Each structure stands twice: as C-alpha cells, then as structure tokens.
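Colleague: I'd like a close look at the part around the ligand. Please walk me through it, and then show me how the neighbouring pieces connect to it.

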Amino acid sequence: MRLVLVGPPGAGKGTQAEFIAAHLAVPKISTGDIFRANVTQGTPLGVEAKRYMDAGKLVPDEVTINMVRERLARADAAEGFLLDGFPRTTPQAAALDKLLADLGTALDLVMELVVDDDEVIRRLSGRRTCRGCEKVWHIEFDAPSEPGVCDRCGGELFQRDDDKAETIAERLREYANKTAPLIDYYGAQGKLVGIDATGPVEDVTVRAIDALRSYG
Ligand code: AP5
Ligand code: ZN
C-alpha cells in the first residue's frame with residue numbers, strides 16, 4: 001500500500017506511523033526524520049534545512065521533493081510505503097503524483113490525523129526524544145519510568161529545538177496556510193480518510209487500522 005499520513009505538528013504522525021508501517025509491512029519514510037539525521041551529521045542538506053526548521057518554516061519544495069524522489073527510488077519502497085510529513089504543500093503533492101505516475105503507480109490513501117491546536121501544544125511542549133534509539137516519549141502522556149532516561153535503551157532524552165512555544169506557533173501557521181489545502185486536494189481525488197487522533201495512542205492506532213481495513 002502507498003499511504004500518506006497528514007496532520008498538524010504533534011498530531012501523532014510519527015507515533016502512529018511506527019505501528020501502521022509495521023502493520024502494513026512497508027517502510028516508514030519521514031521527511032522530518034531525514035532532515036534531522038542530516039542536521040546531526042552536518043551535511044550540506046542538513047545545514048540548509050536547519051535554518052528553516054529552527055524558525056518553524058517549511059524547507060523549500062525543491063529541496064524536499066528531490067530528497068523524497070531519491071528515497072522513493074530505493075528498492076524497499078517499490079512495493080509500498082508510508083509517508084510521514086510529506087507532502088506538505090500543493091506543489092509537493094503534485095510532484096508526488098507525477099513521480100508515481102511516471103512509475104506507473106499512484107497513492108492509495110491519505111489519512112488525516114485530526115486534533116485541535118490546544119492538544120497539539122500540549123503534545124509538543126511535553127515531547128521528549130531519545131538520543132540513543134530516537135523513541136518519542138511524552139512527560140505526561142507517555143512518561144518513562146525515570147525522568148529524562150529512555151526505558152527502551154537507557155539513552156538520554158532531549159527536547160527538540162523546534163518544540164519551543166514561539167516555534168510551535170509558527171509551525172501551526174505554516175500548517176494552516178500551506179498544508180491544510182491538501183485536505184481538499186486529496187478529498188477531490190477521493191483518497192482522503194480522516195480519523196479522530198485524540199485519546200490514548202492505542203485507541204488512535206485501532207481507528208487507523210480499522211480505516212485501512214474498510215479501505216480494503
Ligand atoms: P516533522 O518532524 O515532520 O514535524 P511535524 O509535522 O511538525 O510533526 P512532529 O514530528 O512535530 O509531530 P508528529 O505528528 O509526528 O507527532 P508525534 O508522534 O511526535 O518536521 C519538522 C520540520 O522539518 C518542519 O517544521 C519543516 O521545517 C521540516 N519538514 C519536514 N517535512 C517537510 C516537508 N515535507 N516540506 C518542507 N519542510 C519539511 O507526537 C507528538 C507528542 O505527542 C509525542 O510526545 C507523543 O508521545 C505524544 N502523543 C502522540 N500521540 C498521542 C496521543 N494519542 N495522546 C497523547 N499524547 C500523544
Ligand atoms: Zn532509547
């Protein structure tokens with residue numbers, strides 16, 4: 001299956017993508033994760049992307065589309081994939097449609113995770129990520145047994161630079177202005193399914209898997 005997860009920052013895309021990709025046995029491709037890996041490694045792409053990410057702005061389309069084109073060309077994505085965080089603009093969506101059409105295929109489904117801004121702010125301000133294994137925690141909703149330490153690998157937890165209050169506000173503005181129009185774009189293609197992304201993580205996963213099942 002070729003699936004896209006869309007939703008505001010902090011909706012739980014990364015959290016749900018782990019479970020859904022495992023369920024579908026397809027690779028999870030997160031543009032945010034790829035950019036962050038490049039930032040950590042200090043590559044030219046990372047240096048460029050960091051300027052935008054730290055400001056809560058989207059990285060320019062051309063840079064992002066080229067990066068995804070390269071990633072989708074890898075063998076593990078040939079039979080299906082789950083895209084987390086891409087596309088995020090109408091030009092990115094159009095480029096993805098064209099890229100897949102050139103390969104003789106198309107997206108199957110776009111799943112929107114629906115949560116309101118207050119919940120997004122609660123989720124992002126409490127998020128902590130493990131330096132060791134990259135597992136995402138939450139100081140209130142999914143807390144490790146010892147504060148600041150990952151239960152899975154013992155690694156140190158840190159707060160993402162873009163999870164500061166003023167950057168979160170800018171990311172929400174970017175979402176409303178540039179990404180929300182994709183809901184209509186994919187709705188018009190008959191590919192959109194929206195799910196309620198509030199409540200416990202497990203409940204959201206059940207809703208997501210149910211939605212995939214009813215799709216077929
Ligand atoms: P990216 O990493 O994609 O950030 P985002 O879309 O803002 O999404 P997040 O990773 O912040 O949140 P999420 O929805 O994955 O939520 P999570 O599961 O972590 O992008 C970062 C930046 O990279 C962008 O700002 C941009 O600069 C750049 N970029 C990336 N893609 C781009 C593109 N296509 N074009 C241009 N630029 C791009 O959950 C959040 C927290 O909530 C966690 O602590 C989690 O434990 C908790 N949580 C999750 N589910 C629940 C639940 N059900 N109940 C309670 N807590 C929950
Ligand atoms: Zn860890």
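Modeller: First a yardstick: a residue is called buried if 20 or more other C-beta atoms lie within 10 Å of its own, exposed if 12 or fewer, and partly exposed in between, with the C-beta atoms placed from the backbone. Bear in mind that this is a predicted model, where local features need pLDDT of at least 70 and side-chain atom pairs count only at pLDDT 80 or more, while totals for chains, interfaces and linings use all residues. Residues are numbered from 1 along each chain as its sequence is written, and chains are lettered from A and ligands numbered from 1 in the order in which they are written.

On confidence, pLDDT (the predictor's confidence in each residue, from 0 to 100) averages 96 over the protein, and 100% of the residues score at least 70. For the complex, the predictor gives an ipTM of 0.96 and a pTM of 0.95.

Now the ligand. A residue counts as near it if its C-beta atom, placed from the backbone, lies within 6 Å. There are 36 residues around ligand 1, and Pro9, Gly12, Gly14, Gly32 and Gly85 come nearest. By type, the shell splits into 15 nonpolar, 13 polar and eight charged residues; here Ala, Val, Leu, Ile, Met, Phe, Trp, Tyr, Cys and Pro are nonpolar, Asp, Glu, Lys and Arg charged, and the others, Gly among them, polar. Elements that each supply at least two shell residues are α1 (13-24), α2 (31-41), α3 (44-54), α6 (117-125), β6 (136-138) and α9 (201-215). Those labels are DSSP runs numbered from the N terminus: helices are H or I with at least four residues, strands are E with at least two.

What does the record add? An unreviewed UniProt entry puts "binding site" at positions including Thr31, Arg36, Gly85, Phe86, Pro87, Arg160 and Arg171; such annotations may be inferred rather than shown by experiment, and feature names are shortened, with positions in the numbering used here. The annotated residues span 141 residues in sequence and the farthest two C-alpha atoms are 24.9 Å apart, so they do not all gather at one spot.

Let's zoom in on Gly85, which is among the residues nearest to ligand 1 and one of the annotated positions. Gly85 sits in the loop between β3 (81-84) and α5 (90-102). It counts as buried because it has 23 C-beta neighbours inside 10 Å. Contact here means C-beta atoms, placed from the backbone, within 7 Å; leaving aside neighbours within four places in sequence, Gly85 is in contact with Lys13, Ser30, Thr31 and Gly32. Proline 87 lies in the loop between β3 and α5 as well, and a cis peptide bond joins phenylalanine 86 to proline 87, with omega about -5°.

Two arginines come next. Arg171, an annotated position, is in helix α7 (residues 165-179) and is buried, with 22 other C-beta atoms within 10 Å. Beyond four places in sequence, Arg171 is in contact with Pro9, Gly56 and Asp162, and Pro9 is one of the residues nearest to ligand 1. Arg127, in strand β5 (residues 127-130), is buried with 20 C-beta neighbours inside 10 Å. Outside that same four-place window, Arg127 is in contact with Val136, His138, Arg160 and Asp163; Arg160 appears in the UniProt list. The C-alpha atoms of Arg127 and Glu140 are 8.8 Å apart, with their positions 13 residues apart along the chain.

The loop between β5 and β6 holds Glu134. This residue has a positive phi, near 70°, without being glycine, and is partly exposed, with 15 other C-beta atoms within 10 Å.

Finally, α9, which supplies shell residues, contains Thr205. Thr205 is partly exposed, with 18 other C-beta atoms within 10 Å. Not counting residues up to four places away, Thr205 touches Gln16 and Phe19. The C-alpha atoms of Thr205 and Thr15 are separated by 9.2 Å, although the two lie 190 residues apart along the chain. At the far end of α1, in the loop between α1 and β2 (28-30), Ala25 has a phi near 55°, positive in a residue other than glycine, and is exposed, with 9 other C-beta atoms within 10 Å.

Definitions and conventions:
Contact = placed C-beta atoms within 7 Å.
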